[in-house]
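Trainee: I would like a close look at one part of this model. Please start from a single residue and work outward.

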Amino acid sequence: MADAAAGAGGAASAGGGVAGGTAAAGKPEKGSGDPEMKGWLLKWTNYIKGYQRRWFVLSKGVLSYYRNQSEINHTCRGTISLHGALIHTVDSCTFVISNGGTQTFHIKAANEVERQSWVTSLELAKVKAIRAIESEEEEAEETAQVVPSQEIYAVVRDLTERLENMRTCYDLITKHGAALQRALNDLESNEEESLASRTKIVNERATLFRITSNAMINAGNDYLRSAESQGQKWSKMLHHEREQRQRLEEIIEQMAKQQSQMEQAAVMVRRSKNVPPAVVAAGAGLTSDDETEFFDAEEHPDNGGAFILKLNNRRSSSEDHVEGSEGQTGSSSESDETKRSNVQQQQVCLISAIRMASGDDEDAVDRVSNQRQEDEMPRSTRPSRNSSSNPQKVRRTRVPDKPNYPLSLWSIMKNCIGKDLSKIPMPVNFNEPLSMLQRLTEDYEYADILDVAAACTDECEQLAYLAAFTASAYATTTNRTGKPFNPLLGETFECDRMEDLGWRSLAEQVSHHPPIAAIHCEGRTWQCWQEFSMTSKFRGKYVQINPLGGAYVLFQKSGHRYSWRKVTTTVNNIIVGKLWVDQHGEMEIKGSNAAEGIKCILNFVPYSYFSREVQRTVKGVVINRKNEVKWVIRGTWDDKMEIAPVLRTQKNADNPTYITGDYRVAWKRRPAPPESEKFYNFTTLACQLNEFEDDVAPTDARRRPDQRLMEDGAWDESNQEKLRLEEKQRTKRREREAEAEAAAAEGRPYPAYEPMWFKQEKVENSDEYVHVFKNTYWDAKAAQDWSGCPDIY
């Protein structure tokens, strides 16, 4: 409270200095095509200094600020590019502008008129910035296209004709120049011919020379204009083709190296087939470079059967990996089996040779082990053996099979290298018949883990279960390589499974530039919400997706609230080989409110064929308020997650040793439906997400025509419908932009787009804003009042 008061006091004191100068300085500059604005505003710095007076400059789609006007030419304190910015009005004088994560400005104007003037100018500048980027992308796409042979022939023929004209003019200039020279020489001679006659001949020769010279100049200008008109285009095309060739050479070289390494690895596996496998542990490393790692629990004879988890440096000798062979639990042998069967999970064609060499005897062991572990799990966390839904409503368990339509992948993807995939129109051949809003809803397929976490009395145990839940959200990505449909602005998706699964959710596309989706899910004892945006780049051989926005959960009984951000997703073998997905990066789950001070560090280990780690490994620890490790988490994000309490910690010179209790399965992936590979590798829940329901909103993704046509197998009609919907969305956006420009020209405010079911709120103890649920949707559904929904289909 004291800090907040200090901040408010700072704002009040600084406001006196702003009121006199900003109103005049904060007016748009006239005579410029782009909206520009300069002036003094108050910017929030921190809880100690509060709001401070800063000089802001809006120019060329970028908002910058300085401590004073003298810094403009040399010291910029911060900038935000407006083309992907979010602009939010807080109160009559305060507004917030953010680029989605790295930069956020909290700004206070002297009065409401000045605040509205700045917000209007910022919105207008954002519109123009988006237009400029789109026009550049369209121009780049046009120049990147392969030029038809007829156009090449026409351009070459035109330039050739103009060059021949220049050569003809050159020959004429040479001829008439020589004739003029002879006439001049005759003029100087003393021949009896009259001077007037010789002068007439010189004038005639000079006139012809002047005419041919002018023709030469005109021909040269024509050639220059034609060459310049084509030069920029051909230069861009040449640069594009050079980049393509270089990328392809790099891809081919890398693939050749990988093939050689895989062949060598296959030979080594065959040779070592009868050699007992080395004991490789799956633990809970803390660092992203994996310098440290936890080893499997051993039963300690002097500890009453307690389990010891060793944390060793990976550079240590092999004799330190396992201490003692008596009384070891089955987890070590299971780790061996997992390590060997891991080879079978790789999604590269050449690995099939290794699979044949290593054999399939592990399958029976895995089935027995999985059955034993499921019997030991709490009933609420056991995988469902009957995925039927509410008996009052029979839900489908599959969708129509995916048709086999041939498509040249390279013909489409070669022009996408280095671009944001969310801005590239892709045919539905690369999609799956689900919206991104529905894919986000799949995160809650294993929401029963949250029910178990809500019932925990130990807050660190609760966080351990939550960590297992966050890993379960990636379970279906191992073989789901289809791209979901990009939601239209205002598109929604509801999933009410409260009766049979114990939760319901609503998702909405709340922003188009940048694309942002918000989702709210609630169970009987918890609430979870998240805001999802992403950046994605196609790099020739792989697509990397970097999620933006945070996820939050609130356990209502304890008041504990946690937040986290998703890790990076990489889709490999885009052009050659079988597609496969990897999740990698570090995830930190932080507690707030009643859970302030506790956290969980999860490390999603990146794929490496020659790594000692089990592929798709997740390792982590839960740390209490005293910075003590209380729970250990291990597993893989595509199969299961296990947790164990830390009984005590033994301090070593390099790394501590954790003595743990028995591991329990916190999450186990349910088996895929029969023949799921025929229908997009959907889970049973995924098959039910697009099942039509009559009482949902008119903006619901189930009503989207192109998505429905794709599910039904009519892909050509789906592509046509997809183009129609995208053009309709662009038309509406242009209408809003034109209205905003007209309002700015008239000096009146223009309201920004507001989502239907979500609103922006400031995250507690943070400078970030997140879209939160208004809690009005379910009442509207009960009354079937959809009067406020936009027409998007």
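Where is Glu675 found?

Mentor: Keep in mind that this is a predicted model. Glu675 is found in the loop between strand 28 (664-668) and helix 12 (684-689). Its backbone stands out: phi of Glu675 is near 60 degrees, a positive value in a residue other than glycine. Glu675 counts as partly exposed, because its relative accessibility is 39% and the partly exposed class runs between 20% and 50%.

Now step back to the strand before that loop. Strand 28 is largely enclosed by the rest of the structure, because 4 of its 5 residues are buried. Its partner is strand 26 (residues 640-650). The two run antiparallel and are joined by 4 bridges. For one facing pair, take Lys640, which stands opposite Lys668 of strand 28.

Compare another loop with a positive phi. Asn627 lies between strand 24 (617-623) and strand 25 (629-636). Phi of Asn627 is near 65 degrees, and this residue is not a glycine either. Asn627 is exposed, because its relative accessible area is 58% and exposed means over 50%.

A third loop has a peptide bond to check. The bond from His513 to Pro514 is cis, with omega near -5 degrees. Pro514 sits in the loop between strand 15 (503-511) and strand 16 (516-523).

Next, the helices. Pro705 lies in helix 13 (residues 705-711). At 21% relative accessibility, Pro705 counts as partly exposed. The cut-off for buried is under 20%, so Pro705 falls outside that class. Leaving aside neighbours within four places in sequence, Pro705 is in contact with Glu721, Arg724, Leu725 and Tyr793. The Tyr793 contact spans a long stretch of chain: Pro705 and Tyr793 are 88 residues apart in sequence, but 7.5 Å apart in space, C-alpha to C-alpha.

Two of those contacts, Glu721 and Leu725, are among the buried residues of helix 14. Others in that buried set include Trp715, Ser718, Lys722, Gln729, Arg733 and Glu737. The general rule helps in reading such a list: an α-helix has 3.6 residues a turn, so residues three or four places apart point the same way. Helix 14 also passes a length check. Its 32 residues (715-746) should span 46 Å at 1.5 Å a residue, and the end C-alpha atoms are 47 Å apart, which agrees. Just after helix 14, Gly747 takes a positive phi of about 75 degrees.

Then the interior. The largest nonpolar core has 69 residues, and Leu466, Tyr562, Ile589, Leu602 and Phe604 touch the most other members. Helix 11 (residues 459-472) gives the largest share of this core, 9 residues. Leu466 touches Leu450, Val553, Tyr562, Trp564 and Ile589, not counting residues up to four places away in sequence. A second, separate core has 19 residues, including Leu41, Leu63, Ile87 and Ala109.

Finish with Thr477, in the loop between helix 11 and strand 13 (483-485). Thr477 is buried, because its relative accessible area is 12% and buried means under 20%. Its side chain reaches the backbone oxygen of Tyr474 at 2.6 Å. A polar contact of 3.0 Å also joins the side chains of Thr477 and Gln583. Not counting residues up to four places away in sequence, Thr477 touches Arg439, Val581, Gln583 and Trp637.

Notes: Residues are numbered from 1 along each chain as its sequence is written. This is a predicted model: local features need pLDDT of at least 70, side-chain atom pairs count only at pLDDT 80 or more; totals for chains, interfaces and linings use all residues. Side-chain values use heavy atoms; hydrogens and water are left out. Buried means under 20% relative accessible area, exposed over 50%, partly exposed in between (1.4 Å probe, protein chains only). The expected span of a helix is 1.5 Å times one less than its number of residues. Two strands pair if DSSP finds at least two bridges between them. Contact means heavy atoms within 4.5 Å. A nonpolar core is a set of buried Ala, Val, Leu, Ile, Met, Phe, Trp, Tyr and Cys residues joined through side-chain atoms within 4.5 Å. A polar contact is a pair of N or O atoms within 3.5 Å; within protein, one must be able to donate a hydrogen and the other to accept it, and residues adjacent in sequence count only if both atoms are side-chain atoms.
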